[in-house]
Amino acid sequence: MNPVTLTTENLILGQMQLTDLDAIVAAWSDPEIRRWTTVPVPGTREQARDFVLSTCEGGWEADHQYIFGVRTKNSVDLVGCSGIFGVSTVGRSESMAYIGCWTVKEQRGKGYTTEAVRELCRWAFSELDMVRIEGVGEVGNHASMAMVLKAGFQLEGTLRGRMKQDGTQRDAWLASLLPHDLGLLSAIPYLTPED
C-alpha cells in the first residue's frame, strides 16, 4: 500500500521523514517513552534512520503496519508517532490490529495523541476494513489508559503477563475499539449476546 496523509482539525498524520531523525532520537531517550514503549536501545541516529527507512516505509510496502508521523498543522516539528500494528487478516474483512504511539514531552497534555489515534482508527476501519482495534498498555501506564478511553476505546480487562518490557514479563490492560464506537459501519455484522 502507498502511504497516505490524514488530517484532523489540528493535525497532519503523514510519513516519517529523514528530517525527523533528531526528533526521533530525542523522543527515544525520553525516560517516559523508554519506560512505557518498546524503542531501540540505545536509540542512535542510525537506528532512527533504519526505523524511518525500513520499519516505517517497509511496513507500508508490505501492507502489514502503518506508521504515521504526527505534526500540528502550523509546524513541521514532530508531535509524535502513531501506528496500526500487528495486522492479522483472515480475508480482508476480518482484520484486527492494535495501536501504538508515543508523544514528545513538550506536546503531551494537549489532546494531540487522542486526536491522532481517533483519526488513525477511523481510517483503519474505513480503508483497511478493520473490525477491531486493540489498545494494550502496561498496568500503571495511566496516561496511555486515559488517552485510549478519551479516543473511545472500551476497557476490557487485565491480561496477566501479556507484555515483555526490559527483559521482564508484565501485566497489561486491554481496551478495544469497534467501528460502531466511532459511528461507523463494520465490514462484517457485529452480533452481541443480547441480539
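Buried means under 20% relative accessible area, exposed means over 50%, and partly exposed lies in between, computed with a 1.4 Å probe on protein chains only. The model is predicted: local features need pLDDT of at least 70 and side-chain atom pairs count only at pLDDT 80 or more, while totals for chains, interfaces and linings use all residues. Residues are numbered from 1 along each chain as its sequence is written, and side-chain values use heavy atoms, with hydrogens and water left out.

**Stop 1: Arg35 and Glu138**

Select Arg35, which counts as partly exposed because its relative accessibility is 29%. Add Glu138, which is buried at a relative accessible area of 7%. The two form a salt bridge, with 2.9 Å between the closest N and O atoms. A salt bridge here is a side-chain nitrogen of Lys or Arg within 4 Å of a carboxyl oxygen of Asp or Glu. This pair links distant parts of the chain, 103 residues apart: Arg35 lies in helix α2 (residues 31-36) and Glu138 in strand β6 (residues 130-138). Helices (H or I, at least four residues) and strands (E, at least two) are DSSP runs, numbered from the N terminus.

**Stop 2: Arg132 and Glu134**

Next, select Arg132 and Glu134, whose side chains meet in a salt bridge of 2.9 Å, N to O. Arg132 is buried, with a relative accessible area of 18%, whereas Glu134 is partly exposed at 22%. Then show Arg35, Glu138 and Arg170 together: salt bridges that share partners join them into one network. A search of the whole structure finds 8 salt bridges.

**Stop 3: helix α4**

Move to Glu115, placed in helix α4 (residues 112-127). Which side chain of opposite charge is nearest to Glu115? It is Arg118, 6.8 Å away, and Glu115 is buried yet has no salt bridge. For charge, Lys and Arg count as positive and Asp and Glu as negative; His and the chain ends are not counted.

Now add Thr8, whose side chain is joined to that of Glu115 by a polar contact of 2.4 Å. A polar contact is a pair of N or O atoms within 3.5 Å; within protein, one must be able to donate a hydrogen and the other to accept it, and residues adjacent in sequence count only if both atoms are side-chain atoms. Leaving aside neighbours within four places in sequence, Glu115 is in contact (heavy atoms within 4.5 Å) with Thr8, Glu9, Asn10 and Leu11.

In the same helix, select Glu119 and Arg122, which meet in a salt bridge of 4.0 Å, N to O. They are separated by about one helical turn because they are 3 residues apart in α4. Arg122 is partly exposed, with a relative accessible area of 28%.

**Stop 4: helix α5**

Select Ser144, Met145, Met147 and Val148, the buried residues of helix α5 (residues 142-150). They lie on the same side of α5 because they cover an arc of only 160° around the axis, the arc being that of the directions from the helix axis to the C-beta atoms. These buried residues pack against β5 (95-103), α4, β7 and β8. On the face turned away from them are the exposed residues His142, Ala143 and Lys150. Gly152 follows α5 and has a positive phi, near 110°.

**Stop 5: the β7 and β8 hairpin**

Finish with strands β7 (residues 154-165) and β8 (residues 168-177), which run antiparallel and are joined by 8 bridges. Strands pair if DSSP finds at least two bridges between them. Gln154 stands opposite Ser176 in β8. The hairpin has 2 residues between its strands, and Asp166 takes a positive phi near 50°.
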